[in-house]
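Here's a quick briefing to read with the model open beside you. Take it topic by topic, and find each residue on screen as you go.

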Amino acid sequence: MTRELARTGLPIIYNPGEMHSSARSETTRAPKASETTAAAIVSDIVSLGLRRGDRLPAESDMLANYSVSRETLREALRILEVQGLITLKRGPGGGPFVSALNASYLARTATLYFHLAGATYDEVFDTWKILEPQLSAKVARLEDRRLKEAAFARFLDYDVEEHEESEIFSDLNNFHAVIAELSGNRVLTLLTQAIDHIVVEHVLGTGRDTIPEDDAMSHDHADIAKAIIAGRPRKAETLMHDHISEVVERFRERHPERSDELVQWM
Ligand SMILES: [Zn+2]
């Protein structure tokens, strides 16, 4: 691939409706039997109320249920495994089990698209900066003060000297996940957490190593949490915007070449 193509990426095609209509063009195709079977399994997981760790029915039952060949069923299960929705355990007592719903798989699929489209980490940062301040304002508008106090208790008087290195890192990340979760909008929760995964796992996770920096971030978090608990949406929004801008600026100073890099599929 030439450098120029890597910069530009593939053109993004927008054709709503075409995927599900009979008039398909070369950009879309009919779903395969394995894909419709995968969709049927997902719909059964939801309607049966299956949870993380629950086992799916035995292979013989699923073959009869979905009236498909063993090969199609296995391909369907493999599709769901790649999407992170089930785990296929090998050996005796093995089989397909329902996994936790985790936005990191949504992030993985998204990075494939971002990579092909030629998107850079700067564009991921930009999206982060658009999503999270708004989300913080939304959570600040929640009336249930006790719920907010309980959710943010851990972040209010956070002293980095009192925690282990690995603990600090996960607490710094979890703060953002907690805000996304509290939004009460599952679409926003999943999209924001997917962006958080990319930001943390692709870029920030590699470039943060000082106690004063962790300390500054925990102070930012405490201030944002206080504004959210106090029900001050505009303040929460501004503080989150400034916090993200600082994190991004620090990263740019330390790794000037990275923010312009193509998003990697991982
Ligand atoms: Zn933060």
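In which helix does Val187 lie? Val187 is part of helix α9, and we'll come back to that helix when we get to the surface. One thing to keep in mind throughout: this is a predicted model. Below, we go from the overall layout to the zinc site, then the surface, a loop, a buried spot and the charged pairs.

**Overall layout**

- The chain splits into two parts: domain 1 covers 33–98, and domain 2 covers 104–254.
- If you take the centres of domain 1 and domain 2 over their C-alpha atoms, they sit 34 Å apart.
- UniProt, in an unreviewed entry, lists residues 31–101 as "domain: HTH gntR-type".
- In the model, residues 31–101 are 51% helix and 11% strand. The C-alpha atoms at the two ends of that stretch are 24 Å apart.

**The zinc site**

- Three histidines act as the protein donors of the zinc ion: His176, His221 and His243, each through its NE2 atom.
- Those donor atoms lie 2.0 to 2.1 Å from the zinc ion.
- Along the chain, the donors follow the spacing H-x44-H-x21-H.
- His176 belongs to helix α8 (residues 165–182) and His243 to helix α11 (residues 233–254), so this pair ties together parts that are 67 residues apart in sequence.
- Are His176 and His243 buried or exposed? Both His176 and His243 are buried.

**A nonpolar patch on the surface**

- Eight residues make up a nonpolar patch on the surface: Val42, Val46, Leu85, Leu101, Leu106, Val187, Leu190 and Leu191.
- Together they have about 680 Å² of accessible area.
- Two elements, α2 (33–47) and α9 (186–203), each give two or more residues to the patch.
- Helix α9 gives the most, with three residues.
- Val187, from our opening question, has 57% relative accessibility, so it counts as exposed.

**A loop residue with an unusual sign**

- Start with the background: most residues other than glycine have a negative phi.
- Ser67 has a phi near 45°, which is a positive value in a residue other than glycine.
- You'll find Ser67 in the loop between α3 (59–66) and α4 (70–82).
- Ser67 counts as exposed because its relative accessibility is 62%.

**A buried alanine**

- Ala222 sits in helix α10 (residues 211–229).
- With a relative accessible area of 5%, Ala222 is buried.
- How many residues apart in sequence are Ala222 and Ala153? They are 69 residues apart in sequence, and their C-alpha atoms are 9.3 Å apart in space.

**Charged pairs**

- Here's the basic idea: side chains of opposite charge can pair when their charged atoms come close.
- How many salt bridges does the structure hold? The count is 13, and the next few bullets look at some examples.
- Arg70 pairs with Glu59, and their closest N and O atoms are 3.0 Å apart.
- Arg70 is in helix α4 and Glu59 in helix α3, so the bridge ties together parts that are eleven residues apart in sequence.
- Arg70 is partly exposed, with a relative accessible area of 44%, and Glu59 also counts as partly exposed, at 26% relative accessibility.
- Glu149 and Arg145 form another salt bridge, at 3.1 Å from N to O.
- Both Glu149 and Arg145 lie in helix α7 (residues 145–156), four residues apart, which is about one turn of the helix.
- Glu149 is partly exposed, with a relative accessible area of 33%, and Arg145 counts as partly exposed at 45% relative accessibility.
- Arg258 and Glu261 meet in a salt bridge too, at 3.2 Å from N to O.
- Is Arg258 buried or exposed? Arg258 counts as buried, at 15% relative accessibility, whereas Glu261 is partly exposed, with a relative accessible area of 30%.
- Salt bridges that share partners also join Glu59, Arg70 and Arg74 into one network.

Key:
Residues are numbered from 1 along each chain as its sequence is written. This is a predicted model: local features need pLDDT of at least 70, side-chain atom pairs count only at pLDDT 80 or more; totals for chains, interfaces and linings use all residues. Side-chain values use heavy atoms; hydrogens and water are left out. UniProt positions are given in the numbering used here, feature names are shortened, and annotations may be inferred rather than shown by experiment. Donors are N, O and S atoms within 2.8 Å of the metal (3.2 Å for Na, K and Ca); water is not among the atoms, so sites may look incomplete. Buried means under 20% relative accessible area, exposed over 50%, partly exposed in between (1.4 Å probe, protein chains only). Patches are made of residues with over 30% relative accessible area and no salt bridge: like charges are joined within 9 Å, nonpolar side chains (Val, Leu, Ile, Met, Phe, Trp, Tyr) within 5 Å. Accessible areas come from the Shrake-Rupley method with a 1.4 Å probe; for residues, only the protein chains shown count as cover. A salt bridge is a side-chain nitrogen of Lys or Arg within 4 Å of a carboxyl oxygen of Asp or Glu. Domain bounds come from an automatic or database domain assignment.
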